[in-house]
Amino acid sequence: MSDTSVKRRGNRVGSEGAGLAAPGGRALGSTLPRLIMSGRLGSMILALVLPVVLVVIWQLAGTNGSLFGGVLPTPDRVVKAWWMWAFGERGMGLNPYSGTWLANVLFSTQRVAQGFAVAILIGVPAGIMIGWNRLSAQVLDPTIQLLRPVPITAWLPFSIAVFGIESFGAIFLIALGAFYPIVINTTQGARHVERNLVRAALMMGANRFDILRCVVVPAALPSIFTGLRIGLGIGWTAVIVAEMIAVKSGLGYVLWDAYYVGRMDVVIADMVSIGLMGLLSDQLILLVERWALSWRLVVASR
């Protein structure tokens with residue numbers, strides 16, 4: 001074999017190797033961003049895209065720190081107002097909101113937690129009873145469906161008349177608002193349990209209480225957590241409505257007071273704070289849901 005043929009064969013093998021390596025390199029280069037974007041970091045980046053774009057447009061559209069003739073402040077003014085509200089010296093100067101952010105957040109969070117707990121303690125058992133027992137459904141469901149269309153704001157005069165300007169009124173409104181989605185979703189979950197699971201439990205000698213505890217409640221958990229998430233969101237809405245009128249502390253009170261004195265920068269900072277607290281509490285519910293439904297992942301992996 002001549003040297004020329006050997007060189008040609010070597011060049012051909014080298015070019016084939018280069019051809020194989022090039023697609024692999026391109027695949028790796030195109031796969032790496034996908035791997036990054038498919039992870040938790042990628043989810044956070046995608047979640048921030050729209051808010052960042054809106055804030056940038058909002059900032060660029062402002063003139064001399066405001067929009068609409070001075071009514072709406074630009075984001076930089078909102079950030080300054082929130083910083084003073086959160087970290088300013090309390091009781092100093094002419095700013096009544098300075099240094100009170102954390103206290104108001106804790107007031108609102110405590111009320112939401114208390115009202116939400118009451119809604120869970122009443123709504124989940126009532127929903128399971130309505131969905132699992134026909135007599136309970138005939139007794140409870142008509143009254144719940146009668147009261148459910150009444151909005152939270154319609155209960156404000158009743159709350160003030162009964163509880164006065166106290167936290168109990170806000171807790172009552174939160175519990176009432178969160179109760180309906182919890183009981184409705186729990187009812188649907190208990191009512192649509194797979195009948196084959198119930199038959200299998202009966203064949204194994206389980207009584208009605210065992211079926212309720214070991215079959216109905218676990219099968220209804222996904223619907224229950226859906227109701228909890230919806231109810232928690234309504235709870236944050238209810239606490240703001242209650243604090244604007246029936247309570248003299250909390251994020252809702254600051255929101256209304258700041259609007260009354262023309263501090264729209266504090267109003268918007270308050271709105272963002274409410275949204276962030278709602279988001280954090282929703283993520284907490286999701287963490288509990290993943291823990292409570294971890295058995296589904298184990299079953300699905302088998």
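**Exercise 1. Find the angle at which α4 and α10 pack, classify it, and list the residues that make the contact.**

Solution. Helices α4 and α10 pack with an angle of about 125 degrees between them, and their axes are 8 Å apart. The model is a predicted one. To classify the angle, use the cut-offs: 65 to 115 degrees counts as roughly perpendicular, and over 145 as roughly antiparallel. The value for this pair falls in neither range, so α4 and α10 are oblique to each other. The last step is the contact itself: α4 supplies Asn104, Val105 and Ser108, while α10 supplies Leu251, Gly252 and Val254.

**Exercise 2. Repeat the classification for α2 and α3, and name the residues that meet.**

Solution. The angle between α2 and α3 is about 105 degrees, with 8 Å between the axes. Angles of 65 to 115 degrees count as roughly perpendicular, so this description applies to α2 and α3. On the α2 side the residues are Val55, Trp58 and Gln59; on the α3 side they are Pro75, Asp76 and Val78.

**Exercise 3. Compare the span of α2 with the expected span, then locate its kink.**

Solution. Helix α2 covers residues 40–61, which is 22 residues. From its first C-alpha to its last it reaches 32 Å, close to the 32 Å expected at 1.5 Å a residue. The helix also has a kink of about 30 degrees, which lies at Val49. The proline Pro51 follows shortly after that point.

**Exercise 4. Describe the largest nonpolar core and the elements that build it.**

Solution. Start with the size: this core has 54 residues. Those with the most contacts inside it are Trp85, Phe116, Ile182 and Leu228. Next, list the elements that give two or more residues: α3, α4, α5, α7, α9, α10 and α11. The largest share, 11 residues, comes from α9.

Now take one central name and trace its neighbours. Leaving out residues up to four places away in sequence, Ile182 touches Phe116, Ala119, Ile120, Gly123, Val124, Gly227 and Leu228. There is also a second, separate core of 8 residues, including Trp132, Ala190, Ala201 and Val215.

**Exercise 5. Decide for Ile240, Ser273 and Leu140 whether each is buried, partly exposed or exposed, and give the contacts of each.**

Solution. The cut-offs come first: buried means under 20% relative accessible area, and exposed means over 50%.

- Ile240 lies in α9. Its relative accessible area is 9%, so Ile240 is buried. Beyond residues up to four places away in sequence, Ile240 touches Leu251, Gly252, Leu255 and Ile274. Of these, Leu255 is 15 residues apart from Ile240 along the chain, with 8.4 Å between the two C-alpha atoms.
- Ser273 lies in α11. With a value of 5%, Ser273 is buried. Under the same exclusion of residues up to four places away, Ser273 touches Trp82, Trp85 and Trp101.
- Leu140 lies in α5. Its relative accessibility is 31%, between the two cut-offs, so Leu140 counts as partly exposed. Again not counting residues up to four places away, Leu140 touches Met129 and Ile130. The C-alpha atoms of Leu140 and Gly127 are 9.4 Å apart, and the two residues are 13 apart in sequence.

Note on methods:
Residues numbered from 1 in each chain as written. Predicted model: local features only at pLDDT ≥ 70, side-chain atom pairs only at ≥ 80, totals over all residues. Heavy atoms only, no water. Core = buried A, V, L, I, M, F, W, Y, C linked by side-chain atoms within 4.5 Å. Buried < 20%, exposed > 50% of the residue type's maximum accessible area, 1.4 Å probe, protein only. Helix = DSSP H or I, 4+ residues; strand = E, 2+ residues; numbered from the N terminus. Contact = heavy atoms within 4.5 Å. Expected span 1.5 Å × (residues − 1). Bend = angle between axes of the 7 residues up to and from the residue. Axes fitted to C-alpha atoms, helices over the stretch in contact; angles between N-to-C directions. Parallel < 35°, antiparallel > 145°, perpendicular 65-115°, else oblique.
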